[in-house]
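Please examine the sequence and the three-dimensional model together. The explanation below proceeds from the chain as a whole to selected elements and residues.

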Amino acid sequence: MFEECLERGIDLPYVANNYVRVLIALGKYDDAKKFAEKGKFCISKSLRDKAAKLDPPNTSLKKDVPVIADADKNEAAGQTLIKRGIKLQQFSNEKLLEDELTARIESGIPVFGLSLKMYQRHGEYGRQYIIPVGRLDLLCEDASGNLYVIELKKDSGYDDVYKQLSVYLEWFEKNEKFKDKNVYGIICLNQPSRELIEKVHADKRMKLYEYQISYMQR
């Protein structure tokens, strides 16, 4: 998809920068470095610097690997995390989680048990998608055209996340542009509260997922 957009000159330089991010996320460091150094496309300085420092080339990532699972299933199964401090179990900010999910979606990797693609129309793109009532983290769609509003939080310290997502869904449901679309909501965070789990389970429009970060020795 990225190669086609680059060849056709669509949405440059956004696509070029995102292409580098995806290569990095997939562990293709050498490819990311070479592409960033070509000079054919306008790559941000911070991204060029990041690619230049990557080593060794084209090896698989062996650092933090996020595991995303249904929050209630984890609790029902009695799974417990190794208590090494909450900070080691979660992303330091939402952008890192957003980057990770974006890289997976744009690489065609299923997330939340779904094969999604980023919502994209002429002049519109689903990451940080702005509507009158707020800014969505991710707006995606499946092969049937169903829309998914994805709200990401690094931890459970956001009491209004259910209300926030409800407002977004209600806006889509009332908007003429999306009247023929089924719109669903997904919340993804670390260590959701029982109250949030219960609210989401009572709302058929939403699903709740909990991410965990694993450290694996190879």
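**From the whole chain to single residues**

Among contacts in the chain between residues at least 6 apart in sequence, 61% join residues that are at least 24 apart. The model under discussion is a predicted one. Its chain has 8 helices and 9 strands, and of its 218 residues, 42% count as buried.

A pair of helices may be considered to begin with. Helix H3, comprising residues 29-37, packs with helix H4, comprising residues 45-53, at an angle of about 140 degrees, and the two axes are 8 Å apart. That angle makes H3 oblique to H4, because an angle counts as roughly antiparallel when it is over 145 degrees and as roughly perpendicular when it is from 65 to 115. The crossing in which H3 passes H4 is left-handed. On the H3 side, Ala32, Lys33 and Ala36 take part in the contact, and they meet Arg48, Ala51 and Ala52 of H4. By character, the residues of this contact divide into 4 nonpolar and 2 charged, with no polar ones.

Attention may now turn to a strand. Leu138 has its place in strand E6, which covers residues 134-141. The relative accessible area of Leu138 is 0%; because a residue is buried when this value is under 20%, Leu138 counts as buried. Which residues surround this leucine, if its neighbours within four places in sequence are left aside? Leu138 is in contact with Glu98, Leu101, Thr102, Ile105, Met118, Gly126 and Arg127, and also with Tyr148, Val149, Ile150 and Leu152. For one of these partners, Thr102, a separation is available: Leu138 and Thr102 lie 36 residues apart in sequence, while their C-alpha atoms are 8.2 Å apart in space.

The last element to be considered is helix H7, which runs over residues 161-174. At 1.5 Å a residue, its 14 residues should span 20 Å, and the C-alpha atoms at its ends are 20 Å apart, so the expected span and the model agree. Within H7, the buried residues are Val161, Tyr162, Gln164, Leu165, Ser166, Tyr168, Leu169 and Phe172.

Tyr162, a residue of H7, merits separate attention. Beyond its neighbours within four places in sequence, Tyr162 is in contact with Ile187, Leu196, Lys199, Val200, Asp203 and Met206. In the other direction along the chain, Glu151 is 11 residues from Tyr162, and the C-alpha atoms of the two are separated by 9.3 Å.

Notes. Residues numbered from 1 in each chain as written. Predicted model: local features only at pLDDT ≥ 70, side-chain atom pairs only at ≥ 80, totals over all residues. Heavy atoms only, no water. Axes fitted to C-alpha atoms, helices over the stretch in contact; angles between N-to-C directions. Helix = DSSP H or I, 4+ residues; strand = E, 2+ residues; numbered from the N terminus. Parallel < 35°, antiparallel > 145°, perpendicular 65-115°, else oblique. Left-handed = near helix turned anticlockwise from the far one by under 90°. Contact = heavy atoms within 4.5 Å. Nonpolar A, V, L, I, M, F, W, Y, C, P; charged D, E, K, R; others polar. Expected span 1.5 Å × (residues − 1). Buried < 20%, exposed > 50% of the residue type's maximum accessible area, 1.4 Å probe, protein only.
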